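Thank you all for making time this morning. Please have a look at the sequence and the model on the screen, and then I will take you through a few parts of it.

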Amino acid sequence: MASNGNGTDFEFNTKPDGLPKINTKTAEMCKDDTAPTVKVSNIEELHALQRKKASAPTTPRNATPKSSTPRSNLSEEERQKQQMQSVSASLASLTRESGPQVVKGDPARKRSPPKSVVAPRLDISDSALKFTHVLYNLSPSELYEQAIKFEKGSFITSTGALATLSGAKTGRSPKDKRVVKEETSKDDLWWGKGSPNIEMDEETFLVNRERAVDYLNSLEKVFVNDQFLNWDPENRIKVRIISARAYHSLFMHNMCIRPTPEELEDFGTPDFTIYNAGQFPCNRYTHYMSSSTSIDLNLKRKEMVILGTQYAGEMKKGLFSLMHYLMPKRGILSLHSGCNMGKAGDVALFFGLSGTGKTTLSTDPNRQLIGDDEHCWSNNGVSNIEGGCYAKCIDLAKDKEPEIWNAIKFGTVLENVVFEEHYRDVDYTDKSVTENTRAAYPIEYIPNVRLPCVGPHPKNIILLSCDAFGVLPPVSKLTHSQTMYHFISGYTALVAGTVEGVKEPTATFSACFGAAFIMLHPTKYAAMLAEKMQQHGATAWLVNTGWTGGSYGVGTRMKLAHTRKIINAIHDGSLLEAEYVQTPIFNLAVPTEVNGVPSETLQPQNAWSDKKQYNDTLKKLGGLFQKNFEVYADYKVGGDSNLTEKILAAGPRLE
């Protein structure tokens, strides 16, 4: 007998053929870890064991309002059939009586012809014979697989995010956005000079819809997302997004509110449907078309059609435009704003255009984030419209914006970024594809988010402006009329490029701090804001995060530390107790003292060495405000001009 020194003895016996026979005797110290073999007959059955029964992707259960609709008692098979019939109806051509044949599941996994959901009509066309496979509410993992396998330009980065390309369009196309002028909404919408709503007729919309639906039906598979808008359970909207790309499906999975499996069972007919055929162009010979791109909104049909652009932000902002129409008709104010809440339950809304610091100042480690971009203010309080965040990534740095940096992980969509070829580390400073690089991630990726994303009525309304002219005070308290005026104005100043050392600020105005998305006249949103502020005792503040001591190139940028001190004084209520003095021209109430902020910076004229230059620049900015407001001067809110005159009186006075 021999030993191998590891506790196992080998006993040699002689077999009849003369060859040695080896028997092993295992010592007790060696564990027998053998297990029964799997009970399958082929490798396909083995692979099938890997996958459990699918469930719908969800927002955390403690964050989702319970549905008031009782769950149906349908069998799983009946429920699936109803689900597919609903999708088929959404994909129906307007010239045929029934929708296409659809079947749930990935066509790559089908081994035999699927059972028909909608009977083909052989008298129409050969396309009625084919099946369109519906990839319904896939999880991020499944969507990653689809993107990596089938969509060129899809990669997994070093942090686990999905990097994608949006094609030729790397931003929105506002000049290609159209709204159908039809009888149910035309009298409510804002048309004409200054309006973002470019009209089209119903027939042209239907032509584009048919083109989009025919394209989607021609594909072997389409992605379908059934999700919600608005965290307020009483006023949420059911939306369906039908798209051709996994990238678009994952983007909307992140940006809309994700239903629980129970809510998805009873989802039923959507309130609004998006047909994203962005890979296919519109027909440029079609009436109203000015390019190969068209984004069309039909409020009567409750549909949106996208042709000729794959930029995912069109879907997000298209739905925001929808909410800007639907919510005010319910007496609910829709807002393009950030929102957070303190430990005492005090809610603050932050308005501001790009570069004003809205994201930075609304993201506060000492306060819970309700949302970063889109909100509703109803009789119940405030609620986030979305289920995710869409953050700019250009020059993103971990030390400056750690919350966004850490949110870029598995499940996040990274648009148009550049990364190192081997390790896939993203270079956020690289603008090779576009400067408008973006990250879309579920809102729960932010550590201090409030779930569900709702809060009580706001206590403070903060209007942020980056005044590169350097004449607005760091902070001022607004009256209700001034709030409406500055809310409608939506002012900030951009810094123009340098030409031989000459640097000239350029005033930018965007009504309601989001003119591209509003549907009604700006004064209607402003009047609702003032009414709700008065009803719930909210205070509005104008905060300048721009320049002091002179215009850009002469003065200096407001210190972020000082702006944070001002915001903290607004949050804790101490700024309400301060003494105030009035400024010239704009008649703003400015505090004489803010804890931690040098008093000489609070009055902008004190920081200027050239007082005459200050007065001239202040008058210049006041004139720009007045010129911008001319488009609203003759508008009559509610049939009379009293409110408009009241708002105008709150603006700058040059005489």
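Let me begin with a single residue: in which helix does K317 lie? The answer is helix 7, and I should say at once that what we are looking at is a predicted model, so please hear everything that follows with that in mind. K317 has a relative accessibility of 12%, and because buried means under 20%, this lysine counts as buried. If we set aside its neighbours within four places in sequence, K317 is in contact with R172, H336, D373, E374 and F517.

Before going further into that region, a word on the whole chain. The protein chain has 655 residues, of which 52% count as buried, and it is made up with 16 helices and 35 strands among its elements. Of the contacts with a separation of 6 or more, 72% are between residues that are 24 or more positions apart.

Now to the empty space inside. As a general point, rolling a probe the size of a water molecule over the atoms shows where empty space is left. In this model the count comes to seven cavities of 30 Å³ or more, and I will describe two of them.

The largest cavity holds about 70 Å³ of space. K317 is one of its lining residues, and the others are R172, S173, P174, K177, I295, M304, E314, G318, S321, A516 and F517; you will recognise R172 and F517 from the contacts of K317. Which element gives the most to this lining? That is helix 7, residues 313–329, with four residues. By class, the lining of the largest cavity divides into five nonpolar, three polar and four charged residues.

The second largest cavity has a volume of about 50 Å³, and its lining consists of L229, M252, M255, C256, K316, L319, F320, E374, I385 and E386. Two elements, helix 5 (246–255) and helix 7, give two or more residues to that lining, and helix 7 again gives the most, this time with three. Here the classes are seven nonpolar, no polar and three charged residues. E374, which is on this lining, is also one of the residues in contact with K317.

Let me move to a pair of helices elsewhere in the chain. The axes of helix 10, residues 480–489, and helix 15, residues 611–629, come within 10 Å and cross at roughly 80 degrees. Since angles of 65 to 115 degrees count as roughly perpendicular, that is how these two helices are described. Where they meet, helix 10 brings Y485, H486, I488 and S489, while helix 15 brings F625, Q626, N628 and F629, and by class this contact has four nonpolar, four polar and no charged residues.

Finally, there are some details of the backbone that I would ask you to find on the screen. L451 and P452 are joined by a cis peptide bond, with omega at about -5 degrees, and P452 is placed in the loop between strand 25 (438–442) and strand 26 (454–455). N416, although not a glycine, has a positive phi of about 60 degrees; this asparagine lies in the loop between strand 22 (413–415) and strand 23 (418–419), and at 1% relative accessibility N416 counts as buried. C512, also not a glycine, has a positive phi of about 60 degrees, sits in the loop between strand 30 (505–509) and helix 11 (522–536), and is buried, with a relative accessible area of 4%.

How values were computed:
Residues are numbered from 1 along each chain as its sequence is written. This is a predicted model: local features need pLDDT of at least 70, side-chain atom pairs count only at pLDDT 80 or more; totals for chains, interfaces and linings use all residues. Side-chain values use heavy atoms; hydrogens and water are left out. On a 1 Å grid over the protein atoms alone, a cavity is a set of points where a 1.4 Å probe fits but cannot get out, and a pocket is an open set with protein on both sides within 12 Å along at least five of seven lines; lining residues have an atom within 4 Å of a point. Grid points are joined across faces, edges and corners, and a volume is the space filled by probe spheres set on the points. Ala, Val, Leu, Ile, Met, Phe, Trp, Tyr, Cys and Pro count as nonpolar, Asp, Glu, Lys and Arg as charged, and the others, Gly among them, as polar. Buried means under 20% relative accessible area, exposed over 50%, partly exposed in between (1.4 Å probe, protein chains only). Contact means heavy atoms within 4.5 Å. Axes are lines fitted to C-alpha atoms, for helices over the stretch in contact, and angles run from 0 to 180 degrees between N-to-C directions. Angles under 35 degrees count as roughly parallel, over 145 as roughly antiparallel, 65 to 115 as roughly perpendicular and the rest as oblique.
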